[in-house]
Amino acid sequence: MVMKLQDKLDAMRDDFENGRFPLVPTSDQLETMQRATQSLIDSGQADDALKAGDTAPEFTLEDADGNTVSSRALLARGPLVATFYRGVWCPYCNYDLQALEEVRSEIEARGASLVAISPQTPANSRKSQRDNKLGFPILSDARASVADDFGLRFALPDDLIEVYQQFGNDLPKINDDPAWVLPMPARYVIGTDGVIAYAEVNPDYTRRPDPTELLPVLDSLRARAQA
């Protein structure tokens, strides 16, 4: 039986929290990470992010090879699936990209495009694409500005920054941005009219919806277009 994405993430989280991971956190580091996640949940920011029925902001970003990609051009061809990705350093996010790659052919068969959007540099996006064997682009969102347009950008608290530094996750270097900011993981389906048809935003980066949830949304958009 094929494991669902969340089952894989739960297993990885269990390994990480119980010392069965290459990087073994201390109890203090774990507590800091869990407290930061809970604080982001409690802030209610995810509830204020763009949701189904809202108009998606237009964006123009560069892919890992320096090519310009615009949402307007993609939507001229069909619906757009956009996933916001924290970076190459995040194993949960990499599992998420791999799960999306597994359904990419089904997404494209429904006439849609798939992109990931990340604040990391193009060089790190090339590494992400290579390591995760992706057939879709990761677009570089400098300073997480597009993420901010969607209501997803947040600043890491000081104690979490310290933990990330202890882990060797130097976000200012990875993102070429002195600010310690990230997008909340999110997945959107945008219709050709620019209206968001599906939105899933989770302030807990260890929780992700299964990519198969996207397919009925795309089926509905296609049926509506053909009506």
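## Exercises on charged and aromatic pairs

Lysine 4 has a relative accessibility of 47% and counts as partly exposed. The model used in these exercises is predicted.

**Exercise 1.** Determine which residue forms a salt bridge with lysine 4, and where the two partners lie in the chain.

Solution.
1. The partner is aspartate 210, with 4.0 Å between the closest N and O atoms.
2. Lysine 4 belongs to the segment before α1 (5–17), while aspartate 210 sits in the loop between β9 (196–201) and α10 (214–226).
3. The pair therefore links distant parts of the chain, 206 residues apart.
4. Aspartate 210 has a relative accessible area of 16%; the limit for buried is under 20%, so aspartate 210 is buried.

**Exercise 2.** Find the salt-bridge partner of aspartate 10 and classify both residues as buried, partly exposed or exposed.

Solution.
1. Aspartate 10 pairs with arginine 207, and their closest N and O atoms are 3.4 Å apart.
2. Aspartate 10 is in helix α1 and arginine 207 in the loop between β9 and α10, so this pair ties together parts 197 residues apart in sequence.
3. Relative accessibility is 35% for aspartate 10, which counts as partly exposed.
4. Arginine 207, with a relative accessible area of 37%, is partly exposed.

**Exercise 3.** Describe the salt bridge of lysine 127 with aspartate 131 in terms of distance and position in the helix.

Solution.
1. The closest N and O atoms of lysine 127 and aspartate 131 are 2.7 Å apart.
2. Both residues lie in helix α6 (residues 122–131); because they are four residues apart, about one helical turn separates them.
3. Lysine 127 is partly exposed at 36% relative accessible area, and aspartate 131 is partly exposed at 42%.
4. For the whole structure the count is 18 salt bridges. A network of salt bridges links Arg13, Glu17 and Asp204.

**Exercise 4.** Aspartate 63 is buried: state how far away the nearest side chain of opposite charge is, and what surrounds aspartate 63.

Solution.
1. Aspartate 63 is placed in the loop between β1 (60–62) and β2 (68–70).
2. The nearest side chain of opposite charge is arginine 126, 7.5 Å away.
3. A salt bridge needs a nitrogen–oxygen distance within 4 Å, and aspartate 63 has no salt bridge.
4. Leaving out residues up to four places away in sequence, aspartate 63 touches Val69, Pro122, Pro137, Ile138 and Leu139.

**Exercise 5.** Characterise the aromatic pair of phenylalanine 84 and tyrosine 188, then place the two residues in the nonpolar core.

Solution.
1. The search of the whole structure gives six aromatic pairs. In the pair of phenylalanine 84 and tyrosine 188, the centres are 6.2 Å apart and the planes make an angle of 85°.
2. Planes over 60 degrees apart count as edge-to-face, and this pair is edge-to-face.
3. Phenylalanine 84 is in strand β3 (residues 80–84) and tyrosine 188 in strand β8 (residues 186–190), so the pair ties together parts 104 residues apart in sequence.
4. Phenylalanine 84 and tyrosine 188 are both buried. Together with Phe150 they form one aromatic cluster.
5. The largest nonpolar core has 72 residues, and Phe84, Phe150 and Tyr188 are among those with the most contacts inside it. Helix α5 (residues 91–109) gives the most to this core, with seven residues.
6. Leu156 is another of the residues with the most contacts in the core. Leucine 156 touches residues including Ile161, Tyr164 and Trp180.

Methods: Residues are numbered from 1 along each chain as its sequence is written. This is a predicted model: local features need pLDDT of at least 70, side-chain atom pairs count only at pLDDT 80 or more; totals for chains, interfaces and linings use all residues. Side-chain values use heavy atoms; hydrogens and water are left out. Helices (H or I, at least four residues) and strands (E, at least two) are DSSP runs, numbered from the N terminus. Buried means under 20% relative accessible area, exposed over 50%, partly exposed in between (1.4 Å probe, protein chains only). Lys and Arg count as positive and Asp and Glu as negative; His and the chain ends are not counted. Contact means heavy atoms within 4.5 Å. Rings of Phe, Tyr and Trp (its six-membered ring) pair if their centres lie within 6.5 Å; planes under 30 degrees apart count as stacked, over 60 as edge-to-face and the rest as tilted. A nonpolar core is a set of buried Ala, Val, Leu, Ile, Met, Phe, Trp, Tyr and Cys residues joined through side-chain atoms within 4.5 Å.
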